[in-house]
Structure formats: structure tokens, C-alpha cells
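Could you walk me through this structure in my viewer, one selection at a time? I would like to know what to click on next and what I will find there.

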Amino acid sequence: ERYRLGLTTYLDVAQAEAQRATTESTLPTLAAAIKQSIHRLAILSGQEPNALMAELSPARPLPAYEGLLATGLPSELLARRPDLRQAERTLAAASADIGVATAGLYPKFDLTLGLGLQSNDSGRFLERSSRYWSVVPGVSLPVFNSGRTTALIEGKRAVHEEALARYRAAFNTALEDVENALAAYYAEQARRQTLVDAVSASTQAVTLSKDRYRRGLTTFLDVLTAENGYECLDICSKVS
């Protein structure tokens with residue numbers, strides 16, 4: 001309208017159109033990223049890629065939360081990590097295998113129970129008096145294979161040591177992740193407050209630049225610069 005009235009040049013119009021086109025060019029990329037995130041959430045929850053599309057596609061405002069999240073102790077966060085649980089169960093299984101292998105060094109006792117039929121007369125073969133029971137005790141002594149059993153135990157102990165090392169590595173890695181996440185979270189809280197202050201100042205800059213432009217004291221480039229700065233700060237503060 002200002003260009004039509006001869007109050008400004010076409011440069012301001014071109015800059016405004018360029019800003020609009022640039023903003024519109026980001027929409028397809030953002031839409032694709034939204035769908036990919038919805039597909040990933042569905043797969044992680046054990047469903048088909050499009051199962052959550054109807055629920056998550058409608059646009060909603062960003063959730064607002066004031067204050068700090070109740071993160072709890074780092075040890076409580078570690079207890080909920082599936083990778084650490086898997087390493088702990090693997091270690092427990094390796095420890096149990098040592099006990100199973102060690103049992104091979106001790107004698108084994110077993111009782112064999114038998115039921116049969118016996119008779120001198122074929123006519124009385126199926127009568128109750130022809131039935132008999134037998135109980136045969138057995139003892140297995142690991143005399144000649146004790147060396148093999150000992151080697152098996154040593155192998156199981158080596159597997160246990162490996163599982164223990166893997167558990168320690170998984171624990172340290174998980175602890176590092178938790179500590180890094182907590183440090184980043186608290187730092188982001190401080191950064192967010194600074195961004196809120198910056199958004200307030202940027203809002204005033206946009207208002208002043210538009211007022212100066214309407215009075216013909218500056219070009220539209222100053223308005224674009226102020227608006228771009230405001231949009232970036234506003235998005236960052238909401239995401240934080």
C-alpha cells in the first residue's frame with residue numbers, strides 16, 4: 001500500500017515478498033519432520049507407522065510448565081534404564097553359570113525306579129502277584145573328568161568377569177548420560193530466562209522500527225531485521 005501511494009520504493013516490496021517466500025519454503029520440511037517423528041513414536045510403542053497420525057497430527061500449542069521438573073536422584077534415573085537392567089541380568093546369569101559348572105565337581109546321587117512283570121506260568125503272567133518293583137540307587141563320581149569340569153568353571157568365571165566389566169562400563173556410561181542431561185537441563189532453565197528478557201527487548205525493537213518506517217524515517221530493511229530477530233528469540237524461548 002505504501003508503494004502504491006508512492007511513499008516507498010519497490011525494494012521494500014521485494015524484501016517483504018522474499019521474507020514471505022523464505023518462510024513458506026520451510027513449511028514442507030517442517031511438515032515432513034513432524035510426520036517422521038510421529039512414525040518413529042509409533043514404531044517405538046510397537047505400532048504401525050501411521051497408528052498415531054490421527055492423534056498427533058492436529059496442531060496444538062506448546063505445553064507450558066513453570067518451575068523445575070522433579071527429576072529425582074541420579075540413582076533413581078539409572079534404575080529405569082533398560083540397557084543397565086539388561087547388563088545387570090547378564091551379569092546375574094553369568095554368576096549362576098559358575099554355580100552350575102561348580103556342581104559338576106561333586107558326586108551325583110540318583111534312584112532308578114522300575115516296574116515289571118514276572119511269572120513261571122504264562123497263564124498267570126498278568127495277575128497282580130506277577131508284578132514287581134525295583135529301586136536301583138546310583139552314584140556318579142567325577143573322578144576322570146574333574147580336569148574338564150575345572151576348565152569349564154574357569155571359562156565360566158572368565159565370562160563372568162567379562163559381564164562384570166560390561167556392567168561397569170554400562171553403569172558409568174548411564175551415569176554420564178544422566179549427569180550430562182541434568183547439567184544441560186539446569187543450564188537451559190537459566191538460558192530460558194535470558195531468552196525471555198531478550199524477547200521482551202526484541203518486541204520493543206519491532207514496535208519502534210515499524211513506527212519509524214511508517215513515519216518515513218527508516219527503510220523496510222530495519223523492520224525485517226527486527227522481525228527476524230524477534231521470531232528467532234521467541235521460538236527459542238518457547239522450545240527451551
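Select Y10 to begin: in this predicted model, Y10 is partly exposed, with a relative accessibility of 43%. Now add Y3, which is partly exposed as well, at 42% relative accessibility. Look at the two rings together. The centres of the Y3 and Y10 rings are 5.3 Å apart and their planes meet at 70 degrees, so this is an edge-to-face pair. To describe any pair of aromatic rings, you give the distance of the centres and the angle of the planes.

How many aromatic pairs does the structure hold? There are three. For another of them, select Y185 and Y186. Their ring centres lie 5.4 Å apart with the planes at 65 degrees, so this pair is edge-to-face. Check the surroundings too: Y185 counts as buried at 18% relative accessibility, whereas Y186 is partly exposed at 42%.

While you are looking at rings, select R2 and Y213. The charged end of R2 sits over the ring of Y213, at 4.5 Å from the ring's centre.

**Into the core**

Next, select L77, L78, L84, A87, A170, A174, V178 and L182. These eight residues make up the largest nonpolar core. Colour the helices and you can see where the core comes from: α3 (74–79), α4 (82–102) and α5 (146–214) each give two or more residues to it. Which helix gives the largest share of this core? That is α5, with four residues. In soluble globular proteins, nonpolar side chains tend to be buried together.

**Salt bridges**

Time for charged side chains. The structure has 11 salt bridges, and three are worth a stop.

- Select R20 and E24, whose side chains meet in a salt bridge of 3.4 Å, N to O. The two are four residues apart in helix α1, about one helical turn. R20 is partly exposed at 46% relative accessibility, and E24 is partly exposed at 44%.
- Select R81 and D177, a salt bridge in which the closest N and O atoms are 3.4 Å apart. R81 is in the loop between α3 and α4 while D177 is in helix α5, so this pair ties together parts 96 residues apart in sequence. D177 is partly exposed, with a relative accessible area of 34%.
- Select R89 and E88, where the salt bridge is 2.8 Å from N to O. R89 is exposed at 52% relative accessible area, and E88 is partly exposed at 31%.

Now add D83 to your view of R81 and D177: salt bridges with shared partners join R81, D83 and D177 into one network.

**Out to the surface**

For the last part, select L41, L44 and L56. Together they form a nonpolar patch on the surface, with about 290 Å² of accessible area. Zoom in on L44, which belongs to helix α1 (residues 10–44). Is L44 buried or exposed? L44 is exposed, because its relative accessible area is 65% and the cut-off for exposed is over 50%.

Finish with M53, found in helix α2 (residues 53–56). M53 counts as buried, at 18% relative accessibility. Try the distance tool from M53 to L41: the two are 12 residues apart in sequence, and their C-alpha atoms are 10.0 Å apart in space.

Conventions:
Residues are numbered from 1 along each chain as its sequence is written. This is a predicted model: local features need pLDDT of at least 70, side-chain atom pairs count only at pLDDT 80 or more; totals for chains, interfaces and linings use all residues. Side-chain values use heavy atoms; hydrogens and water are left out. Patches are made of residues with over 30% relative accessible area and no salt bridge: like charges are joined within 9 Å, nonpolar side chains (Val, Leu, Ile, Met, Phe, Trp, Tyr) within 5 Å. Accessible areas come from the Shrake-Rupley method with a 1.4 Å probe; for residues, only the protein chains shown count as cover. A salt bridge is a side-chain nitrogen of Lys or Arg within 4 Å of a carboxyl oxygen of Asp or Glu. Buried means under 20% relative accessible area, exposed over 50%, partly exposed in between (1.4 Å probe, protein chains only). Rings of Phe, Tyr and Trp (its six-membered ring) pair if their centres lie within 6.5 Å; planes under 30 degrees apart count as stacked, over 60 as edge-to-face and the rest as tilted. A charge sits over a ring if NZ of Lys or CZ of Arg is within 6 Å of the ring centre and within 35 degrees of the ring normal. A nonpolar core is a set of buried Ala, Val, Leu, Ile, Met, Phe, Trp, Tyr and Cys residues joined through side-chain atoms within 4.5 Å.
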